[in-house]
Structures are given as C-alpha cells and as structure tokens.
Amino acid sequence: MAASTAAKARMTTTAPPSLSSLKSLNPSSPFSLPFPPSPVSLRRHSLHITNVLSHPTSPSPIPTHTSRFPPSEPRKGSDILVEALEREGVNHVFAYPGGASMEIHQALTRSNAIKNILPRHEQGGVFAAEGYARATGKPGVCIATSGPGATNLVSGLADALLDSIPIVAITGQVPRRMIGTDAFQETPIVEVTRSITKHNYLVLNVEDIPRIVKEAFFLASSGRPGPVLIDIPKDVQQQLVVPDWDQPMRLNGYVSRLPKTPDFGLLEQIVRLIGESKKPVLYVGGGCLNSSEELKRFVELTGIPVASTLMGLGAFPGSDDLSLRMLGMHGTVYANYAVDQSDLLLAFGVRFDDRVTGKLEAFASRAKIVHIDIDSAEIGKNKIPHVSICADVKLALNGLNKIFESKEGSVKGEFSQWREELAAQKMNYPLSFKTFGEAIPPQYAIQVLDELTNGSAIISTGVGQHQMWAAQFYKYNRPRQWLTSSGLGAMGFGLPAAIGAAVGRPDCVVVDIDGDGSFIMNVQELATIRVEQLPVKIMLLNNQHLGMVVQWEDRFYKSNRAHTFLGDPENESEIFPDMLKFAEACNIEAARVTKKGELRAAIQKMLDYPGPYLLDVIVPHQEHVLPMIPSGGAFKDVITEGDGRSSH
C-alpha cells in the first residue's frame, strides 16, 4: 500500500480519548478531567503523515457487526470495502458507477445495510455527500470510477477541505499493472488531489483495506475535519482474501500531534482580559458548530455580543438579542461596527478569512485579539493574536465557563453600556430592502420563507447574491441548519447538498434557495430527487443574470455587461431557459410567481406539497446585496445604498 498525504492537513472535531491519554494529563490542572484531550492540528506547510510506523495505534472499538461471510471464507476486495463501510456505521453512499468501480457497485447490491443514492453526475455525488456531512455532522461517502469520474470529484474535495467537512471519497482505478501507462480512463487521482485532501491513499494490497478505511474515517472526522480519498485499482477489488478486521491504525505521528487540553493558565488570562475589557466581541466561525451549547452558556455568563462568519451561522441563535448576525463583506453594519470599535476580539473557531477581514491592518485595529482554534496553522497566519490556544473550542469554552461559574458575581452587567451602543446601531442600520411596485424583492422572498418555516428549515444554497441574502434574511437558530459553499464558493452546490441533507435528516424540511446560474449547473440532480422521492423544496430566485458578477459590474465596471446575461439575447423579455420544463421533464411539481402579492401563498403551497417542488420566483436583476465592504476595504468604506438602477 502506498499512501499520499496532502501538504495541507485539515482538522476540526475531537477524537475520543484513550484511557492512557486521560491518565497522562496534568493531574494538578483543574481541567485534567473530565475534559478529553482535544486534537491538535499541524502546520499544513510542514505536515507529512506516514502510514507505516513502528508502534501502531490501537484501533477504536468497532461496533457490533454481523458479516455476510463466514469468518474464514475468502471474499473479494470490493466486498471487504463495503463491509468496512458498514463497520463504520455507513448507511448511505452517493455513488456513480463506471468500469473501474463496477466491482464496488456489485458488492453494494449485496449489502443489506447501505443504500446507494445514485446521483446523475459525480459532482452531484460529492456535493450530496458534503450536504449529508454538513447536516448530520457524520462523514459523507461518495464513490466514483477512475479517470473522468474521479476528476469530477475535484471541486467537492476542494470545497470540503476549505470548509473543514468530513467526507470519504472512494475511486476506482485501473489495474495495478496498467498504472502509469496512460490506460483508458486513467488519471493519477492521488496526485491530482494531493493538495485538496486532508489525506489520500492508493491501495496496492487488498489486505490493507480494513485498516485504510478505519484510518480514513478517523482522519476525516478527527482534529480539523476534512476530505480523505481512497483510490482502489480494479484488480485489488477483485482479489480474494480473508480480511483481518483487527489491524491497528498506523497513525501515531498524526495522533501525537493532536491538540491537548487547553492550558488553565491561558484560560485564566482570557478571563482577565474579559474583565479588563469595555467593548468585547465574539467572532465565531465553523469551528464552533460542535460547541453551540457551550457557546450559548458562555454568552449567558458574560453578556458578550456575538458576530458570526458565513460558516458559523447557527452556532449561536440568530434571533437572540445578543446576536449581531454575520460580519464581513456582506455582514450587518452593526456586526462590522462592533468589531471595528471593540477593545477585545474573542476569535473562536475562525481563520480570519479575507471576506471577513477586508484590509487586515484595519480589522479590529483597536482590539486585543484572543484566538482559539484547533488548527495551529491558522493561529497567527493572517492576524497575530495577543493570546492564542490551539485546542478544541468545545473544551476551551467548557473551561472558561467553569471559571466564570466559580466566580462570585457576574461580568454581564459590566458591558451594558456597550450593548446599548450596539442596540442603537441595530436600530439605525437594520438589514433592509426597497420594493418597486409588484416586483418581488429577493430579500422579501427569503424573509417570507423564514416566517412560514418558523426559521426551522435546513437551508442549502448555490453561490452568489441569493447565497448572501439567504445568510442575511433567514435567521439560523441552531447549528447544521445552514449548508453553503463558503470558502470555495462553488456554484451548483445547492441542489445536490439539499439531496444529502434530505437523506441524512429526513425529519427536517429541506429548502434549496438557489439562483438560476447556480441551479442550472447541477440541474440534472432533479432526476435523483424524483427517483429517490426526496421532498426537497427549491425556491429559485431567478433574475436571468449572474447576479453577483452583475453587481460588481455595476459598482466597478460602469455597468458594462460582460457575458453575465443568462437569458436569450434575441428575446430578453422571455424567461429563458424555462425552469418549469426542467421540473416537468423529471415529473416534479413546479410553479412560477412574478408578483409580490402572490408570493406568500405560492411559498406556502410549495411547503405544503408532500413531495419535491420547484418554485420559480422571478426577481429583478438590478438588486444589490447590501451592506457591502469592497474587497480589500475597511469598515469606513462600507456601502449601504444604491443598486443597478443607479449609476456608480
């Protein structure tokens, strides 16, 4: 077995501790127990994970599993792979067959535990696996054949890496003897994906399959989560062998570098900084999604207002009085004001992304910065903190909460003047939009959807203006309710992600808020929704343009249209393409609404319909996403007025 490792290791959730690791904690620290040691991430430019170590790690306990085969009966590598997935608790995979992966699909038909959701494109499969992982917190699994099947996974792997999403991607490969000969449908997918996976494997020995699958799931979900790829040649899939399910993992180097329990002295230092502060702000990201309860308790104890990144929406309830909603390029004025004026910025589970910070020197320039993140590579990468802890945010928040709970009195009242100042900003600069006759403002459509679903739906999106409006005007009150391609910004994400969410969370209403440009990129997945009878609702904000690019054309290119009109140039007044006919072709119920007065009833009808439904909402292309801080700008550059109807 040969293994290849990404130069960039990506990690976010905590692995369960071993008894020995708990015993090794500093007994003098009040946080030795019951806190498990949290994983540490490695600096991505220097990490190399080897799969052959002299002292292999003991495997995690395997749940009870009944094999279809007698223990001593040889079986194909493909059957071993499927059973290994079953042993990891996998119930669903998103797999598209081809010549090099046929053996795996044949084995899947023999499994009583795993159901395949057949996408209509491999990119749809990997995005659906991401949607499943984002909605459930469990690793999503996708499978593709060699060559073009494998390369069609690339955008999804890159997306999962940037957003720290645990997925395991399995690809078929040409037989071992043909590797490197430019065989039919051969691509060196391990090399292609080396820098966009947390780790990847080329399986050259059928006996390694049980260990590799075990390692892949551990790597994908421990530390900072991320995508892991397993490439299996066809002849390895066909080999017969008796599997050894008790092989230990060989990840000592990786495990030894996982973060430890937060240092008590550093936690006390953070508490002192909070006590000295007059204008503290929490800046929370995707790293807090598994720490929602601890975060809410921390805010309850301290009274510190919370600004969320795009990835962090839902970690703290958006409808709470202390929520400042989203910060950054299209964040609220009051969230960006709070960061700009703050004297203490508590950055938890974030990476100081450029779409949040804008001009780095001007971002939180008055504040002392505390940065807690599980990935050491993120600490000090863009902004140098005054205090940093490389640890699981959940453990750090638990520790901070215990310190505050042990103190007499409360710090909450000390920030009342600051909260009043921010409340005034909320009153003066609310999120708003204008209405022009019976035209439907896209922001209003999302607002109505929020009201009619009581803010409880799982929302997926494509990428563009509709994505930002969905972030602004839908209130996310719990984690894993908001599924969007944040770091990569991959158009076509919304529909397949909704499929994954509907599979993983059949108890929830799932709505894909999409734009016409993004939707059409994976429109073929309507067939998957129909065949699998998934009750996904699609609210399409159709403006016949690439809306976000049009907005930038309006603002920075004198409204010169450079291939951003998606309709028919010979008949611009006609809606083209007719999205209702795509739905009709897949036997999916659909309707179109063009007037504001008819919108609420149309959305209610969509939600009441028992199966999948597409609502084509025609909106004006002149709308702009506001507020907006231009790329590389600072808070002082914020734009709050204007649209495509004005000249800029």
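Which strands does helix H12 (residues 292-302) lie across? The answer is strand E10 (280-284), strand E11 (306-308) and E13, with H12 running at about 175 degrees to E10. The model is predicted. Its protein chain has 24 helices and 21 strands. Two open six-stranded sheets, two nonpolar cores and two enclosed elements are covered below.

**Chain overview**

- Of the 648 residues in the protein chain, 58% are buried.
- Contacts between residues at least 6 apart in sequence are mostly long-range: 76% of them join residues at least 24 apart.
- The chain has an accessible surface of about 25000 Å². Carbon and sulfur atoms account for 52% of that surface.

**The E10-E15 sheet and its helices**

- This open sheet has six strands, in the order E12-E11-E10-E13-E14-E15. The pairing is parallel.
- Strand E12 (323-326) and strand E15 (387-390) are the edge strands, and each pairs on one side only.
- From one strand to the next, the twist averages 15 degrees.
- Strand E13 (residues 344-348) and strand E14 (residues 368-373) run parallel and are joined by five bridges. Within this part of the sheet, Leu346 stands opposite Val370 in E14.
- Helix H11 (residues 264-276) lies across E13, E14 and E15. H11 runs at about 140 degrees to E15.
- E13 is also crossed by H12.

**The E16-E21 sheet and its helices**

- A further open sheet of six strands has the order E17-E16-E18-E19-E21-E20. Its pairing is parallel.
- Here the edge strands are strand E17 (482-483) and strand E20 (589-593), each pairing on one side only.
- E20 runs parallel to E21 and is joined to it by five bridges. Ala591 stands opposite Leu615 in E21.
- Helix H17 (residues 442-452) lies across strand E16 (458-461), E18 and E19. H17 runs at about 160 degrees to E19.
- Helix H18 (residues 465-473) lies across E16, E17, E18 and E19. H18 runs at about 135 degrees to E18.

**Strand E19, an enclosed strand**

- Six of the six residues of strand E19 (residues 537-542) are buried, so E19 is largely enclosed by the rest of the structure.
- Both faces of E19 are covered. Lys537, Met539 and Leu541 are buried on one side. Ile538, Leu540 and Asn542 are buried on the other.
- Strand E18 (residues 510-515) runs parallel to E19, with five bridges between them. Val511 has Lys537 in E19 as its bridge partner.
- E19 also pairs with strand E21 (residues 613-618), in the parallel sense and over six bridges. Leu540 has Asp616 in E21 as its bridge partner.

**Helix H6, an enclosed helix**

- Seven of the ten residues of helix H6 (residues 154-163) are buried, so H6 is largely enclosed by the rest of the structure.
- The buried residues are Gly156, Leu157, Ala158, Asp159, Ala160, Leu161 and Asp163.
- Their cover includes helix H4 (122-136), strand E6 (167-173) and strand E8 (227-233).
- Ser164 follows H6 and has a positive phi, near 60 degrees.

**Nonpolar cores**

- The largest nonpolar core has 52 residues. Phe94, Ile167, Phe519 and Leu526 have the most contacts inside it.
- This core draws at least three residues from each of domain 1 (75-256) and domain 3 (442-625).
- Another core, of 37 residues, lies apart from the largest one. Among its residues are Ile80, Ile209, Leu219 and Met249.
- Not counting residues up to four places away in sequence, Ile167 touches Val126, Ala129, Glu130, Ala133, Gly140, Gly156, Leu157, Ala160, Ala220, Gly226, Pro227 and Val228.
- Three of these partners, Gly156, Leu157 and Ala160, are among the buried residues of H6.

**An exposed residue: Asn428**

- Asn428 belongs to helix H16 (residues 416-428).
- With 54% relative accessibility, Asn428 counts as exposed, because the cut-off is over 50%.
- Asn428 and Tyr334 are 94 residues apart along the chain. Their C-alpha atoms are separated by 8.9 Å.

How values were computed. Residues are numbered from 1 along each chain as its sequence is written. This is a predicted model: local features need pLDDT of at least 70, side-chain atom pairs count only at pLDDT 80 or more; totals for chains, interfaces and linings use all residues. Side-chain values use heavy atoms; hydrogens and water are left out. A nonpolar core is a set of buried Ala, Val, Leu, Ile, Met, Phe, Trp, Tyr and Cys residues joined through side-chain atoms within 4.5 Å. Buried means under 20% relative accessible area, exposed over 50%, partly exposed in between (1.4 Å probe, protein chains only). Domain bounds come from an automatic or database domain assignment. Contact means heavy atoms within 4.5 Å. Two strands pair if DSSP finds at least two bridges between them. Helices (H or I, at least four residues) and strands (E, at least two) are DSSP runs, numbered from the N terminus. Axes are lines fitted to C-alpha atoms, for helices over the stretch in contact, and angles run from 0 to 180 degrees between N-to-C directions. Accessible areas come from the Shrake-Rupley method with a 1.4 Å probe; for residues, only the protein chains shown count as cover.
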